[in-house]
Amino acid sequence: MSAQPDHTPVTPYAPAPGAAAELRAQLRADRRAETWVPAFERDWTKALDDARHTFSLTPLHDVVRTWQLRVAAAPAVDAFMDSGQDDSDFIDLDEVLGGRP
């Protein structure tokens with residue numbers, strides 16, 4: 001019998017060091033920049049504050065991962081909205097992505 005766990009916990013990947021800057025540049029170039037950039041910067045500022053208090057980079061990584069998912073999902077959302085289908089029974093993206101950090 002071993003004292004080691006029989007499974008390895010899954011650790012989410014850590015974004016590349018420049019991922020946040022690249023993401024912000026991507027958001028600034030998007031047609032949604034007027035709303036997305038302030039929202040990203042608000043999330044980033046809160047995550048920085050959380051990271052200072054917890055001495056963990058996890059809040060920052062969570063913000064980057066969440067916004068990367070939002071940017072990746074944007075074309076599908078645009079296609080759906082352009083299709084004219086009924087969206088009255090929508091699901092909030094924060095529920096799908098686990099909310100903002």
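User: Let's start with F55: is this residue buried or exposed?
Analyst: Keep in mind that this is a predicted model. The cut-off for exposed is over 50% relative accessible area. F55 comes in at 78%, so this residue counts as exposed.

User: Where in the chain is F55 found?
Analyst: Helix α2 covers 33-54, and helix α3 covers residues 58-82. F55 is found in the loop between α2 and α3.

User: What is the phi of F55?
Analyst: Most residues other than glycine have a negative phi. F55 is not a glycine, yet its phi is positive, at about 55°.

User: Which elements make up the chain, from the N terminus on?
Analyst: There are 4 helices and 0 strands in the chain. From the N terminus on, the order therefore has to be written with helices alone: α-α-α-α.

User: At what angle do α1 and α3 pack?
Analyst: Two packed helices are described by the angle between their axes and the distance between the axes. For α1 (residues 19-29) and α3 (residues 58-82), the axes are 10 Å apart and the angle is about 35°. As for handedness, the crossing of α1 and α3 is left-handed. The angle, once again, is about 35°.

User: Which residues of α3 meet α1?
Analyst: On the α1 side, the residues are A19, A20, L23, Q26 and L27. By class, the contact of α1 with α3 has 7 nonpolar, 2 polar and no charged residues. The α3 side consists of V64, W67, Q68 and V71.

User: Is W36 buried or exposed?
Analyst: W36 lies in helix α2. Buried means under 20% relative accessible area. W36 has 15%, so this residue counts as buried.

User: Which residues does W36 touch, not counting residues up to four places away in sequence?
Analyst: One of them is R70, 34 residues from W36 along the chain, with their C-alpha atoms separated by 9.9 Å. The full set for W36 is L27, D30, W67, R70, V71 and A74.

User: How does D30 count by relative accessibility?
Analyst: D30 has its place in the loop between α1 and α2. The partly exposed class sits between the buried cut-off of 20% and the exposed cut-off of 50%. With 24% relative accessibility, D30 therefore counts as partly exposed.

User: How many Å apart in space are D30 and V71, C-alpha to C-alpha?
Analyst: Along the sequence, D30 and V71 are 41 residues apart. Contacts in the chain with a separation of 6 or more come 61% from residues 24 or more positions apart. In space, C-alpha to C-alpha, D30 and V71 are 9.2 Å apart.

User: Which helix supplies the largest share of the lining of the largest pocket?
Analyst: That pocket has a volume of about 530 Å³. Of its 20 lining residues, the closest to the centre are V77, M81, I91, D92 and L93. Helices α2, α3 and α4 (93-97) each supply at least two residues of the lining. The largest share, 8 residues, comes from α3.

User: How many residues of that lining are charged?
Analyst: The lining of the largest pocket has 11 nonpolar residues and no polar ones. The charged residues number 9.

User: And what percentage of the chain is made up of buried residues?
Analyst: W36, at 15% relative accessibility, is one residue that counts as buried. For the chain, with its 101 residues, the buried share is 24%.

Definitions and conventions
Residues are numbered from 1 along each chain as its sequence is written. This is a predicted model: local features need pLDDT of at least 70, side-chain atom pairs count only at pLDDT 80 or more; totals for chains, interfaces and linings use all residues. Side-chain values use heavy atoms; hydrogens and water are left out. Axes are lines fitted to C-alpha atoms, for helices over the stretch in contact, and angles run from 0 to 180 degrees between N-to-C directions. A crossing is left-handed if the near helix is turned anticlockwise from the far one by less than a right angle, and right-handed if clockwise. Contact means heavy atoms within 4.5 Å. Ala, Val, Leu, Ile, Met, Phe, Trp, Tyr, Cys and Pro count as nonpolar, Asp, Glu, Lys and Arg as charged, and the others, Gly among them, as polar. On a 1 Å grid over the protein atoms alone, a cavity is a set of points where a 1.4 Å probe fits but cannot get out, and a pocket is an open set with protein on both sides within 12 Å along at least five of seven lines; lining residues have an atom within 4 Å of a point. Grid points are joined across faces, edges and corners, and a volume is the space filled by probe spheres set on the points. Buried means under 20% relative accessible area, exposed over 50%, partly exposed in between (1.4 Å probe, protein chains only).
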